Amino acid sequence: METDRYGGVDFGTTTTLVASPEGLVRLGAATLAMPSLVGFADNGTAVAGIEEEAEYAGRVVRSIKRAITMGQAQARVDLPDGPRDVRADDLMVAVLREAARRADTQGLDLNSAHVVVGCPAMWDGQQRRRLLHVAEEAGITVGLADLIDEPVAAGIAWLSRRRPDTSVPLRIVVFDMGGGTLDVAVLDVRGVRARDVSVLAALGNTFAGDALDEAIAEDIEEMVGVDVETLPNPARARLRLADVAREAKLALTADTEFEVSLPARIFGPGAEVTYTRDRLEEAFKPIMDRAEETVIAALRTARLTEQAAGSPYEIRRLPMDALVSGVDVVVLSGGMARIPYVTTRLRALFPAPTAIELAVETTERSTQEQLALGPECAVALGLARAGEYGRVNMYRPALDIWLEWEDESRLVYQAYTPIVLPWQTMVGGNDLRYVRNGLDLQLPRHGSGRLRVTSYTGTRVRATLGGQSLDGFPVALSEQKFEFSLYPNGRLRLVDGSGEYEGQIDDWHIMLGADHAERVARLVEPRRPDPPVEYPFNIERVDPFGR
């Protein structure tokens, strides 16, 4: 296995990008990115990464990655013989397999390189494992420790470009808005050469580029004065409106007006209007309102992560100027970062000393292709450079905590599960934590068991409970009394049938990076297999067309 080669894969909602430490790998015919689209030919054959949608007569599946975010098992596609439900994971496998094939033609073999993959910050352990399952089916081997939150990768891309050299901690807020999700991360960077990246918070929501496209499409429909449902072919009309909405969004990043001309054969005569940037910003406003709430929640969560930041109640009462005052730079990533309104809103939120910069400038060029880069490339570039950093620390631990007894076990904490949810940081309360009790876990009324810890980083977990190691800690089982709590700052608390115990995860920010030798050793050593993924639906492999 070739382990001295690194690759970053950004499987995005709209496009898929692949990078090596040297730069982006060209996947498209004329661009660096490959569309994350799957088209279906007349005979029902699926083709991934299509660039000419017109060839497939509307038989195209978009934003297939959202199936993981939304917990969907199937995707609907209109085939010549009628609509069919297709296994969503099969379509995602097709996209990643095609991206790997194209990367291989450019000299980067993802089947043998050490691959790091990005995922939305909002994804929990189950969603991350589903992505790993999809990647493995596509021939790309990655483990949980090789998944990095997309906004964290974008922050690394900015660090790689700027190379700040300071021993004073640098606080960064990454605002990563793509097609399917908005992700916000709060990072602390420290070390003489800025090689340690601590993730204090990483949150997200689903109000992003696709939501704006829908809002623009509804706006244009209203301006044109038609009701799509009353047209002869509503499905085709909706597809055309969606296309025009995306065209308007892109055009209005530079221009103030966009001429909309809808085909008369679909919409009837006179379906022409002028769509303005002011109108777009009005449609964008509710989405950016939600985005600001996510930024504020991330800043509050970051304070919870700090050991001496005060109680949740005190943090909830912090005024806005206190929350934003310590941020040195806001880094913009994702395709939506190009829209001027994003910068306008964030400039109003953060004080003047805070810099607002693109993660990757549009004027930069690829060393291989001399093609323009932009903020939508930041995640892939950061993923490929993550191995250069001494530590990339996550505020959600990359470990499972199990409770075992006799021949049974229960998963008490699953790796990467959020400790607190964004709404909890906004509502407040003085006891924000992740908690499981005996009724949740369906524990027996009595008996004895032990806690077991499984790490996915290749590093030993140093954690104590009641003065003993967390791994192997004895538990007096009790359906009524058992309660396990994990706090945002790494504090542990256990109540069982025999008493109450306090503890701490010493290495709260679990190391993901380490040096190259350690990463290579982890790749070649036998790895304990990840526990099976538990989905709320059946993912057995079946013929997607039921043949």
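## Close-up views of a predicted model

**View 1. V173 of strand β12 stands opposite V330 in strand β17.** The model shown in this and the following views is predicted. Strand β12 covers residues 170–177, and strand β17 covers residues 329–333. The two strands run parallel and are joined by five bridges.

**View 2. Strand β12 is paired with strand β13 through eight bridges.** Here the strands run antiparallel, and β13 is made up of residues 182–190. One pair to look for is I172 of β12 with its bridge partner L187 in β13. The connection between β12 and β13 is a hairpin of four residues.

**View 3. Both faces of strand β12 are covered.** In a regular strand, side chains alternate between the two faces of the sheet. On one side of β12 are L170, I172, V174 and D176, all buried. On the other side are R171, V173, F175 and M177, which are buried as well. The count for β12 is thus eight buried residues of eight.

**View 4. Strand β2, residues 15–20, pairs with strand β1 in the antiparallel sense.** Four bridges hold the pairing of β1 and β2. G8 stands opposite A19 of β2. The two strands form a hairpin, with three residues between them. Strand β2 is mostly covered, as five of its six residues are buried.

**View 5. Strand β2 also pairs with strands β3 and β4.** Strand β3 consists of residues 23–25 and is joined to β2 by three bridges, the two strands running antiparallel. S20 stands opposite G23 in β3, and a hairpin of two residues links β2 to β3. Strand β4, residues 34–35, has two bridges to β2 and is likewise antiparallel to β2. In that pairing, T16 stands opposite M34 of β4.

**View 6. Helix α3 runs from residue 125 to residue 137.** Its 13 residues should span 18 Å at 1.5 Å a residue, and the end C-alpha atoms lie 19 Å apart, which agrees. At the N-terminal end, D124 caps α3, with a side-chain oxygen 3.2 Å from the backbone nitrogen of Q126. Just after the helix, G139 has a positive phi of about 90 degrees.

**View 7. Several residues of helix α3 are buried beneath other elements.** The buried residues of α3 are G125, Q127, R128, R129, R130, L131, L132, V134 and A135. An α-helix has 3.6 residues a turn, so residues three or four places apart point the same way. Among the elements covering the buried residues of α3 are the helices α1 (66–70) and α2 (88–105). The cover also includes the strands β1 (6–11), β10 (114–119), β11 (147–149) and β20.

**View 8. R130 lies in helix α3.** R130 has a relative accessible area of 2%, and since the limit for buried is under 20%, R130 is buried. Its side chain reaches the backbone oxygen of Q72 at 2.9 Å.

**View 9. Helix α4 packs against helix α12.** Two packed helices are described by the angle between their axes and the distance between the axes. For α4 (residues 150–162) and α12 (residues 378–385), the angle is about 75 degrees and the axes are 7 Å apart. That angle makes α4 roughly perpendicular to α12. On the side of α4, the contact is made by E150, A153, A154, I156, A157 and S160. The residues of α12 in this contact are A378, V379, L381, G382, L383 and R385.

**View 10. Four strands form an open sheet in the order β21-β20-β23-β26.** The pairing in this sheet is antiparallel. Strands β21 (408–413) and β26 (474–476) stand at the edges; each has a single partner strand, so one side of each is left without a neighbour in the sheet. From one strand to the next, the twist averages 35 degrees.

**View 11. Strand β20 is joined to strand β23 by six bridges.** Strand β20 comprises residues 399–405, strand β23 comprises residues 448–455, and the two run antiparallel. L403 has L451 of β23 as its bridge partner. Strand β20 also appears in View 7, among the elements that cover the buried residues of α3.

Terms used:
Residues are numbered from 1 along each chain as its sequence is written. This is a predicted model: local features need pLDDT of at least 70, side-chain atom pairs count only at pLDDT 80 or more; totals for chains, interfaces and linings use all residues. Side-chain values use heavy atoms; hydrogens and water are left out. Two strands pair if DSSP finds at least two bridges between them. Axes are lines fitted to C-alpha atoms, for helices over the stretch in contact, and angles run from 0 to 180 degrees between N-to-C directions. The expected span of a helix is 1.5 Å times one less than its number of residues. Buried means under 20% relative accessible area, exposed over 50%, partly exposed in between (1.4 Å probe, protein chains only). Contact means heavy atoms within 4.5 Å. A polar contact is a pair of N or O atoms within 3.5 Å; within protein, one must be able to donate a hydrogen and the other to accept it, and residues adjacent in sequence count only if both atoms are side-chain atoms. Angles under 35 degrees count as roughly parallel, over 145 as roughly antiparallel, 65 to 115 as roughly perpendicular and the rest as oblique.
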